[in-house]
Amino acid sequence: QTVATFVLHRVMNSKDGLDYMCHTPQRFTAVAKVLTQVVQSKKDMTARLLKLVIKCFTRLADHAHAKNEIARVIPAELRNNTFGKLVDDDPSIKRAMMQLLKATGDVNDGRRNH
């Protein structure tokens, strides 16, 4: 899962890759669904994998077509502190999570809205 998510993240880091993944609602939904499945298979979650998944969702939020939909597709596990220990133990994950929450409108000025 980590290697596959890393490859997905690398593709999304290019404008062309992100445009391709968000070109149609179906593609965007498929990518979001796969990322959600990774998050929901909590038993195998590592700090590296969590950070990659968070960065992938954040990158999706950078796309104009996906920006309005991203908040709807982010799994509850990323919002409800399911991975609180991993987030608290790694400052880079904490920063990535805050960036994602800001991109989705779930946080303002460092405070969560939910």
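Arg-59 counts as buried, at 18% relative accessibility, and yet the side chain of Arg-59 takes part in a salt bridge with Asp-62, in which the closest N and O atoms are 3.4 Å apart. The model is a predicted one, and it holds five salt bridges. The points below take up three of these pairs, and then turn to helix α1 and the nonpolar patch to which some of its residues contribute.

**Salt bridges**

- Asp-62, the partner of Arg-59, counts as partly exposed at 49% relative accessibility, whereas Arg-59 falls in the buried class because its 18% lies under the 20% cut-off.
- In helix α2, Lys-15 and Asp-19 are four residues apart, about one turn of the helix, and their side chains meet in a salt bridge with an N to O distance of 2.7 Å.
- Of that pair, Lys-15 is exposed, with a relative accessible area of 59%, while Asp-19 is partly exposed at 25%.
- Helix α7 (residues 84-89) holds Lys-85 and Asp-89, which are likewise separated by about one helical turn, being four residues apart, and the side chains of these two residues form a salt bridge at 2.8 Å, N to O.
- Both partners in α7 count as exposed, Lys-85 at 62% relative accessibility and Asp-89 at 52%.
- An α-helix has 3.6 residues a turn, so residues three or four places apart point the same way.

**Helix α1 and its two sides**

- Helix α1 runs over residues 2-13, and its twelve residues reach 16 Å from the first C-alpha to the last, close to the 16 Å expected at 1.5 Å a residue.
- Thr-5, Leu-8, His-9 and Met-12 are the buried residues of α1, and they lie on the same side of the helix because they cover an arc of only 100 degrees around its axis.
- The cover over these buried residues includes α2 (15-21), α3 (25-40) and α4 (47-61), whereas the face of α1 turned away from the buried side carries the exposed residues Val-3 and Arg-10.

**The nonpolar patch and Val-11**

- Val-3, Phe-6, Val-7 and Val-11 make a nonpolar surface patch of about 340 Å².
- Two of the patch residues, Phe-6 and Val-11, are found in helix α1, and each counts as partly exposed, Phe-6 with a relative accessible area of 34% and Val-11 at 37%.
- Leaving aside residues up to four places away in sequence, Val-11 touches Gly-17, Leu-18 and Met-21.
- Val-11 and Phe-57 are 46 residues apart in sequence, and their C-alpha atoms are 13 Å apart in space.

Note on methods. Residues are numbered from 1 along each chain as its sequence is written. This is a predicted model: local features need pLDDT of at least 70, side-chain atom pairs count only at pLDDT 80 or more; totals for chains, interfaces and linings use all residues. Side-chain values use heavy atoms; hydrogens and water are left out. The expected span of a helix is 1.5 Å times one less than its number of residues. Buried means under 20% relative accessible area, exposed over 50%, partly exposed in between (1.4 Å probe, protein chains only). The arc is that of the directions from the helix axis to the C-beta atoms. Contact means heavy atoms within 4.5 Å. Patches are made of residues with over 30% relative accessible area and no salt bridge: like charges are joined within 9 Å, nonpolar side chains (Val, Leu, Ile, Met, Phe, Trp, Tyr) within 5 Å. Accessible areas come from the Shrake-Rupley method with a 1.4 Å probe; for residues, only the protein chains shown count as cover. A salt bridge is a side-chain nitrogen of Lys or Arg within 4 Å of a carboxyl oxygen of Asp or Glu.
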